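Work through the following exercises with the sequence and the model side by side. Try each task yourself before you read the solution below it.

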Amino acid sequence: MVYYKDEICLIRNLEKDDIEEIVREECAQGWQASDAKYLMRIKNQEEEKCISFVAEYKGSVAGYVNLYFCAKTGPFAFAAYPEIVDFGVLEKYRRQGIGTRLMDVAEEIGFQSSHIICIGVGLHSGYGSAQRMYVKRGYVPDGSGVWYRDKVCEPYEKCCNDDDLVLYLSKNIETQNIFLDKKL
């Protein structure tokens with residue numbers, strides 16, 4: 001299914017044929033990548049647990065994001081809020097508006113079923129551009145603190161600044177709209 005299309009960008013469902021290209025490009029830029037993650041996303045999509053989006057930029061796979069209909073981990077687990085999971089734009093396609101388009105599509109669909117969307121973001125520098133993007137888009141920390149390996153990291157508890165160290169954020173469209181109305 002196609003969710004968005006303009007002269008340079010197309011956003012559609014992730015397909016098995018996309019996996020090889022995504023994994024190859026992620027490995028080339030030094031990321032840990034495997035077919036298994038994307039095969040799981042496709043399986044979850046077939047089971048109607050999520051929508052897995054892929055962005056094409058001038059015909060090449062450039063990025064992806066997944067919208068799960070109900071958060072399964074973190075402070076929003078099972079609260080019936082959609083969760084944006086595993087958002088990425090390949091480095092050579094960044095600063096082209098692809099990430100913004102992907103997030104726009106995921107949020108538009110997520111807000112059809114809930115006034116709140118949640119997201120978890122890693123804390124190491126590799127997530128820096130995503131952290132800035134989420135704040136600019138109106139996401140705020142949930143207040144539960146940092147999570148490590150799917151549980152709250154208690155004060156002074158030891159953890160590792162790896163991909164499992166996460167801060168959860170949410171965006172409330174009702175609050176966002178009130179703020180925007182006051183700004184106008």
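**Exercise 1. Read the order of helices and strands along the sequence, and then ask how compact the chain is.**

Solution. In this predicted model, reading along the sequence gives the pattern β-β-α-α-β-β-β-α-β-α-β-β-β-α. Counting the two kinds of element gives 5 helices and 9 strands. To judge how compact the chain is, take its radius of gyration, which is 16 Å, and set it beside the 16 Å that the globule rule gives for 184 residues; the two are close, so the chain is as compact as a globular protein of that length. The C-alpha atoms fill a box of roughly 45 × 45 × 35 Å along the principal axes. As a further step, note that 45% of the 184 residues are buried, and that, among contacts with a separation of 6 or more, 59% are between residues 24 or more positions apart.

**Exercise 2. Describe the sheet, beginning with the order of its strands and ending with its edges.**

Solution. The 9 strands form an open sheet with mixed pairing, and their order in it is β1-β2-β3-β4-β5-β6-β9-β7-β8. The edges of this sheet are β1 (2–5) and β8 (151–152), each of which pairs on one side only.

**Exercise 3. Which strands does β9 join by bridges in an antiparallel way, and is β9 mostly enclosed or open?**

Solution. Begin with β7 (residues 140–148), which runs antiparallel to β9 (residues 165–172) and is joined to it by 5 bridges. In this pair, valine 146 stands opposite leucine 167 of β9. Next take β6, which also runs antiparallel to β9 and is joined to it by 7 bridges; here isoleucine 119 stands opposite leucine 169 of β9. Finally, count the buried residues, where buried means under 20% relative accessible area: 6 of the 8 residues of β9 are buried, so this strand is largely enclosed by the rest of the structure.

**Exercise 4. Find the buried residues of helix α4 and say what covers them.**

Solution. Helix α4 spans residues 128–136, and its buried residues include Gly128, Ala130, Met133 and Tyr134. Their cover includes the strands β5 (83–89), β6 (116–122) and β9, together with the helix α3 (98–110). If you then follow the chain just past α4, you come to glycine 138, which takes a positive phi of about 100 degrees.

**Exercise 5. Locate phenylalanine 78 and arginine 95, and decide for each whether it is buried or exposed.**

Solution. Start with phenylalanine 78, which lies in the loop between β4 (60–68) and β5. Although phenylalanine 78 is not a glycine, it has a positive phi of about 65 degrees. A residue is exposed when its relative accessible area is over 50%, and phenylalanine 78, at 60% relative accessibility, therefore counts as exposed. Now turn to arginine 95, whose place is in the loop between β5 and α3. Arginine 95 is not a glycine either, yet its phi is positive, at about 65 degrees. With a relative accessibility of 84%, arginine 95 counts as exposed.

**Exercise 6. Describe the surface of the chain and the placing of its charges.**

Solution. The chain exposes about 10400 Å², and carbon and sulfur atoms supply 52% of that area. For the charges, compare the mean position of the 23 positive ones with that of the 29 negative ones: these two mean positions are 4 Å apart.

Conventions. Residues numbered from 1 in each chain as written. Predicted model: local features only at pLDDT ≥ 70, side-chain atom pairs only at ≥ 80, totals over all residues. Heavy atoms only, no water. Helix = DSSP H or I, 4+ residues; strand = E, 2+ residues; numbered from the N terminus. Rg over C-alpha atoms; globule rule 2.2 N^0.38 Å. Buried < 20%, exposed > 50% of the residue type's maximum accessible area, 1.4 Å probe, protein only. Contact = heavy atoms within 4.5 Å. Areas by Shrake-Rupley, 256 points an atom, 1.4 Å probe, with all protein chains shown as cover. Lys, Arg positive; Asp, Glu negative; His and termini not counted. Charge placed at Lys NZ, Arg CZ, Asp CG, Glu CD. Pairing = 2+ DSSP bridges.
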